[in-house]
Amino acid sequence: MRTKTIAGNWKMNKDFLQTEELIDELKKALSFDLKGVKVIICPPFTSLELAHRLIHGSAIELGAQNMHHEDEGAFTGEVSPTMLKAVGCKYVILGHSERRQYFHESDAFINKKVKKAIAAGLTSIVCFGETLDQREKNITAQVVTAQVRGVLEDIAAENVERLILAYEPVWAIGTGRNATPQQAEEVHVLVRKLLGEMYTASTAERVIIQYGGSVKPENAAELLWQPNVDGALVGGACLKADSFAGIIKAAAR
Ligand code: PGA
């Protein structure tokens with residue numbers, strides 16, 4: 001059984017004070033039975049340490065939105081896996097489409113980070129997904145296949161089983177236009193088949209594959225209860241405690 005996993009990607013939102021407010025509200029909003037649903041928040045770097053203190057004793061776990069693939073050194077502006085671990089992170093989002101688009105991250109570069117996260121004992125939430133242009137050209141399967149192969153290159157099955165993959169069609173991110181449950185399920189099935197080819201059927205069965213892109217309380221249940229959709233990576237809707245809790249509630253049904 002794959003654990004339903006809901007992660008909130010705060011992106012570049014919420015300063016120190018706003019972090020405190022949102023986590024306080026979220027803890028109150030999560031007073032229902034989570035039924036084993038895993039809840040992760042990924043605030044900006046500057047809020048991680050505070051968030052770690054505030055979620056102590058709650059069911060909420062902590063992740064970062066990016067990291068460098070070295071432990072330390074002359075990499076101005078970067079943050080290392082050991083630094084993330086030291087402030088209580090268990091997870092790190094890697095290869096988000098905004099990092100690919102604005103910071104030119106390639107599959108090979110993301111692959112380096114995924115390997116480093118494994119070595120450091122962090123669970124990566126590894127993102128992939130096609131653009132609108134690619135979907136309209138009917139090359140979604142090829143694009144997604146190349147991305148998944150690229151980011152997982154030379155990673156052993158036992159490590160892949162502990163990763164989280166996140167299918168995030170670029171056209172659905174922040175647009176209010178989510179993939180239909182059928183479109184999401186179709187790609188998740190494709191990725192699970194691919195994992196079966198790259199590794200084994202049992203590895204493929206174990207990997208958590210989240211869907212991301214305009215997930216909100218209103219559409220969460222039908223997306224989250226597709227057989228191969230194991231959770232959600234949530235952007236906009238995670239910035240309000242009630243809507244993030246609404247999505248978690250849909251997963252805890
Ligand atoms: P969105 O973002 O929920 O605002 O579409 C999802 C993401 O980018 O992870």
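## Overall make-up

Helices and strands here are DSSP runs, numbered from the N terminus. In this predicted model, the chain holds twelve helices and eight strands.

The chain has 253 residues and a radius of gyration of 17 Å. A compact globule with that many residues would have a value near 18 Å, so the chain agrees with the rule. The C-alpha trace spans about 45 × 45 × 35 Å along its principal axes.

## Inside and outside

How much of the chain is buried? The share is 53% of the 253 residues. Buried means under 20% relative accessible area.

Many contacts link distant parts of the sequence. Take the contacts with a separation of 6 or more: residues 24 or more positions apart account for 73% of them.

The chain exposes about 11500 Å². Carbon and sulfur atoms supply 53% of that area. The charged side chains number 29 positive and 31 negative. The centres of these two sets lie 3 Å apart.

## Three parallel strands

Start with strand β1, residues 5-9. Five of its five residues are buried. T5, A7 and N9 point one way, while I6 and G8 point the other way.

Which way do β1 and β2 run relative to each other, parallel or antiparallel? They run parallel, joined by five bridges. One pair is I6 with its bridge partner V39 in β2.

Strand β2 covers residues 38-42 and also pairs with β3, again in the parallel sense. Three bridges make up this pairing. Here I40 has E61 of β3 as its bridge partner.

Strand β3 covers residues 60-64, and five of its five residues are buried. Both of its faces are covered. I60, L62 and A64 lie on one side, with E61 and G63 on the other.

## An enclosed helix

Now look at helix α12, residues 241-251. Why is α12 described as largely enclosed by the rest of the structure? The reason is a count: eight of its eleven residues are buried. They are A241, S243, F244, A245, I247, I248, A250 and A251.

An α-helix has 3.6 residues a turn, so residues three or four places apart point the same way.

What covers the buried residues of α12? The cover includes strands β1 and β2, already met above, and β8 (231-234). Helices also take part, including α1 (16-29) and α11 (217-224). Strand β1 thus appears twice in this report: it is joined to β2 by bridges, and it helps cover α12.

Key. Residues are numbered from 1 along each chain as its sequence is written. This is a predicted model: local features need pLDDT of at least 70, side-chain atom pairs count only at pLDDT 80 or more; totals for chains, interfaces and linings use all residues. Side-chain values use heavy atoms; hydrogens and water are left out. Helices (H or I, at least four residues) and strands (E, at least two) are DSSP runs, numbered from the N terminus. The radius of gyration is taken over C-alpha atoms; the globule rule is 2.2 Å times the number of residues to the power 0.38. Buried means under 20% relative accessible area, exposed over 50%, partly exposed in between (1.4 Å probe, protein chains only). Contact means heavy atoms within 4.5 Å. Accessible areas come from the Shrake-Rupley method with a 1.4 Å probe; for residues, only the protein chains shown count as cover. Lys and Arg count as positive and Asp and Glu as negative; His and the chain ends are not counted. The place of a charge is taken as NZ of Lys, CZ of Arg, CG of Asp or CD of Glu. Two strands pair if DSSP finds at least two bridges between them.
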